[in-house]
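Here are my notes on the model you sent round, set out as numbered points. Please read them alongside the coordinates.

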Amino acid sequence: MFSYCADPDALGTFRWFSCYLTNGVHMSFYLSFVKVLALLAITAPVALSFGFAGAMAARSHVLPVSWLGKGYIAIVRGVPDIAFFLFFVIALDQGFEWMRHQILCPEWTDPVRQGNDFLVCSNAKLPLGSAPEWVHQTYSFFLAVITFSIVFGAFAANVLYGGMRAVPHAQLETAEAYGMSRRQTFWRVLVPQMWVYALPGLSNLWLVLIKATPLLFLLGIEDIVYWARELGGTKTSRFTDYPHPDWRMWYFLFLLIFYLGFTRVSEIVLEKLMVRLSHGQATTGGEALRKQVTA
């Protein structure tokens, strides 16, 4: 390939683009798509877990627990995502380093917080300065998963809380009349039925999560937006073997197609899931399916 690309003969258009699109920098661009998909695959179930825990806490009969759940939903939903990402990631990173500092550097006597500076011993840094680049990227990705999960977990908690309240109360009373305990009623009646009410909101939340992935750039992760901007900018022969004018419009157009395609696939999957969950439910969708079967 290298001899093919280094042919001094005036490269044809196809040959030039085949070399240009397979160089090392573009491989990093393609890898960034894997990062985005991995973020979505990990964050979605973790955020749903946060949301389920928050919804359970919000409907708890123990007042402090209920306040905690409702406070989590209200506070996180009330803070702009960008502000939360910029503040929370720094606070979380410093929190981890402070705990390591207390364990690894007990002989340190100077205050950690000195004005606007946050100073810990070198052994407490996360990651260590001597760590390879992939460790730094993995740590940033870990912080991104936690931050995305907490933010979207609050929205998921609000959706699930509404879904739980939408389940007809008569069904819960019927379960209790049959001798079910409160725990059995919750897990066998309330939770299975709440999904059909919560799924439309969760579907919208999933699509918003997809559109929020460019926020990875704020966390120092070289995501698809970062590489699209870097690769699409004007390049001269002084800095690269593949000079070209400003192509950012084409790179971002490619990202547009990617996001639209991914969103469309998500809509198809979510629609099929909605149909499956509606079977046997006393909802408009469930009744329509029942009539189709009996017709």
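**Pockets, cores and selected residues**

1. The residues lining the second largest pocket divide into 17 nonpolar, two polar and no charged. This is a predicted model, and the pocket in question has a volume of about 410 Å³. Of the 19 residues that line the second largest pocket, those closest to its centre are Ala44, Leu48, Leu202, Trp206 and Leu270.

2. As for where that lining comes from, α3 (24–58), α6, α8 and α10 (248–278) each supply at least two residues of the lining of the second largest pocket, and the largest share, seven residues, comes from α8.

3. The largest pocket has a volume of about 520 Å³. Its lining comprises 16 residues, of which Arg59, His61, Arg182, Phe186 and Leu190 are the closest to the centre. By class, the lining of the largest pocket has seven nonpolar, four polar and five charged residues, whereas the lining of the second largest pocket has no charged residues.

4. Helices α6 (133–166), α7 (169–177) and α8 (182–212) each provide at least two residues of the lining of the largest pocket. The largest share of this lining, six residues, is again that of α8, the helix that also gives the largest share of the lining of the second largest pocket.

5. Turning to the interior, the largest nonpolar core has 64 residues, and those with the most contacts inside it are Phe29, Phe148, Phe152 and Ile224. Helix α6 gives the most to this core, with 15 residues. A second, separate core consists of six residues, among them Cys105, Val112, Phe118 and Cys121.

6. Which residues does Ile224 touch, not counting residues up to four places away in sequence? They are Phe29, Ser32, Phe33, Val36, Leu255, Phe258 and Tyr259; of these, Phe29 is, like Ile224, listed among the residues with the most contacts inside the largest nonpolar core.

7. Ile224 is also one of the buried residues of helix α9 (residues 224–232), the others being Trp227, Ala228, Leu231 and Gly232. These buried residues are on the same side of α9, because they cover an arc of only 115° around the axis. They pack against α2, α3 and α10.

8. Helix α2 (residues 13–20), one of the helices against which the buried residues of α9 pack, has Trp16, Cys19 and Tyr20 as buried residues. Seen down the axis of α2, its buried residues fall within an arc of 100°, so they line one face of the helix.

9. Leu126 lies in the loop between β2 (117–118) and α6. Is Leu126 buried or partly exposed? With a relative accessible area of 23%, Leu126 is partly exposed, because buried requires a value under 20%. Leaving aside its neighbours within four places in sequence, Leu126 is in contact with Asp93, Phe96, Glu97, Arg100 and Tyr139. Leu126 and Gln94, which are 32 residues apart in sequence, are 8.9 Å apart in space, C-alpha to C-alpha.

10. Pro168 lies in the loop between α6 and α7, and with a relative accessible area of 30% this residue is partly exposed. Along the chain, Pro168 and Val89 are 79 residues apart, and their C-alpha atoms are separated by 40 Å.

Technical notes: Residues numbered from 1 in each chain as written. Predicted model: local features only at pLDDT ≥ 70, side-chain atom pairs only at ≥ 80, totals over all residues. Heavy atoms only, no water. 1 Å grid on protein atoms, 1.4 Å probe; cavity = no way out; pocket = protein on both sides within 12 Å on 5 of 7 lines; lining within 4 Å. Points joined across faces, edges and corners; volume = space filled by probe spheres on them. Helix = DSSP H or I, 4+ residues; strand = E, 2+ residues; numbered from the N terminus. Nonpolar A, V, L, I, M, F, W, Y, C, P; charged D, E, K, R; others polar. Core = buried A, V, L, I, M, F, W, Y, C linked by side-chain atoms within 4.5 Å. Buried < 20%, exposed > 50% of the residue type's maximum accessible area, 1.4 Å probe, protein only. Contact = heavy atoms within 4.5 Å. Arc of directions from axis to C-beta.
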